[in-house]
Amino acid sequence: ANGTRDVEYDYLAIEYLLNELHRWDARWEDWFHATGRTPIRVFYDEFTVSRAATFDRILDELGIDPPEPEGKPLQRQADNLSEDWVARFRADSERRQRI
């Protein structure tokens, strides 16, 4: 067992971390805008489906020749527990907005 089943759903903790992620994203967007740079955006689903294609795209945008591949492929971390928590969080958010 990998121990992930020992975690408990906590709406407030998830909400806090989600808000932190949004704040960090906003700070990065501000930095890119202030420096006139264009970010290279990588999306989790794209990365987990094809790590090599994602790296190739990034290296191409940076103008760097790709190195020889090494390492084992990544596996998506999301599972049924993740999907359950996403559904619960969205339902809880909707209920809280109606209050």
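**Close-up views of a predicted four-helix chain**

Of the 99 residues in the chain, 13% count as buried. The model is predicted, and the chain holds 4 helices and 0 strands. Read along the sequence, these elements follow the pattern α-α-α-α. The legends below treat the surface of helix H1, the contacts of helices H2 and H3, and the two faces of helices H3 and H4.

**Figure 1. A nonpolar patch on the surface includes Trp24 of helix H1.** The patch is formed by Leu18, Leu21, Trp24, Trp28 and Trp31. Together, these five side chains' residues present about 530 Å² of accessible area. Trp24 belongs to helix H1, which covers residues 11-35. With a relative accessibility of 44%, Trp24 counts as partly exposed, because that class lies between the limits of 20% for buried and 50% for exposed residues.

**Figure 2. A salt bridge joins Glu46 to Arg57.** The structure holds 6 salt bridges, and one of them is formed by the side chains of Glu46 and Arg57, with an N to O distance of 3.0 Å. Glu46 lies in helix H2 (residues 44-49) and Arg57 in helix H3 (residues 51-62), so the pair ties together parts that are 11 residues apart in sequence. Both partners fall into the intermediate accessibility class: Glu46 is partly exposed at 28% relative accessibility, and Arg57 is partly exposed at 26%.

**Figure 3. Arg57 also meets Glu61 within helix H3.** The side chains of Glu61 and Arg57 form a salt bridge at 3.1 Å, N to O. The two residues are 4 apart in helix H3, which means that about one helical turn separates them. An α-helix has 3.6 residues a turn, so residues three or four places apart point the same way. Glu61 has a relative accessibility of 46% and therefore counts as partly exposed.

**Figure 4. Asp92 and Arg95 form a salt bridge in helix H4.** The N to O distance between the side chains of Asp92 and Arg95 is 2.3 Å. These residues are 3 apart in helix H4 (residues 80-98), a separation of about one helical turn. The partners differ in accessibility class: Asp92 is buried at 16% relative accessibility, whereas Arg95 is partly exposed at 46%. Elsewhere, salt bridges that share partners join Glu46, Arg57 and Glu61 into one network.

**Figure 5. Thr48 of helix H2 contacts the backbone of Asp45.** Thr48 is found in helix H2. The residue is buried, with a relative accessible area of 17%, which lies under the 20% limit for that class. The side chain of Thr48 reaches the backbone oxygen of Asp45 at 3.3 Å.

**Figure 6. Helix H3 has a buried side and exposed residues opposite.** At 1.5 Å a residue, the 12 residues of H3 should span 16 Å, and the end C-alpha atoms are 17 Å apart, which agrees. The buried residues of H3 are Thr54, Ile58 and Leu59. Thr54, Ile58 and Leu59 cover an arc of only 125° around the axis, so they lie on the same side of H3. On the other side of the helix, Ala52 and Asp60 are exposed.

**Figure 7. Leu59 is a buried residue of helix H3.** Leu59 is found in helix H3 and counts as buried at 17% relative accessibility. The C-alpha atoms of Leu59 and Ile40 are separated by 10.0 Å. Along the chain, Leu59 and Ile40 are 19 residues apart.

**Figure 8. Helix H4 carries buried residues on one side and exposed residues on the face turned away.** The 19 residues of H4 should span 27 Å at 1.5 Å a residue; the end C-alpha atoms are 27 Å apart, in agreement with this expectation. Trp85, Phe89, Asp92 and Ser93 are buried in H4. Trp85, Phe89, Asp92 and Ser93 cover an arc of only 105° around the axis, which puts them on the same side of H4. The face turned away from this buried side carries the exposed residues Asn80, Glu83, Arg90 and Arg98.

Terms used. Residues are numbered from 1 along each chain as its sequence is written. This is a predicted model: local features need pLDDT of at least 70, side-chain atom pairs count only at pLDDT 80 or more; totals for chains, interfaces and linings use all residues. Side-chain values use heavy atoms; hydrogens and water are left out. Patches are made of residues with over 30% relative accessible area and no salt bridge: like charges are joined within 9 Å, nonpolar side chains (Val, Leu, Ile, Met, Phe, Trp, Tyr) within 5 Å. Accessible areas come from the Shrake-Rupley method with a 1.4 Å probe; for residues, only the protein chains shown count as cover. A salt bridge is a side-chain nitrogen of Lys or Arg within 4 Å of a carboxyl oxygen of Asp or Glu. Buried means under 20% relative accessible area, exposed over 50%, partly exposed in between (1.4 Å probe, protein chains only). A polar contact is a pair of N or O atoms within 3.5 Å; within protein, one must be able to donate a hydrogen and the other to accept it, and residues adjacent in sequence count only if both atoms are side-chain atoms. The expected span of a helix is 1.5 Å times one less than its number of residues. The arc is that of the directions from the helix axis to the C-beta atoms.
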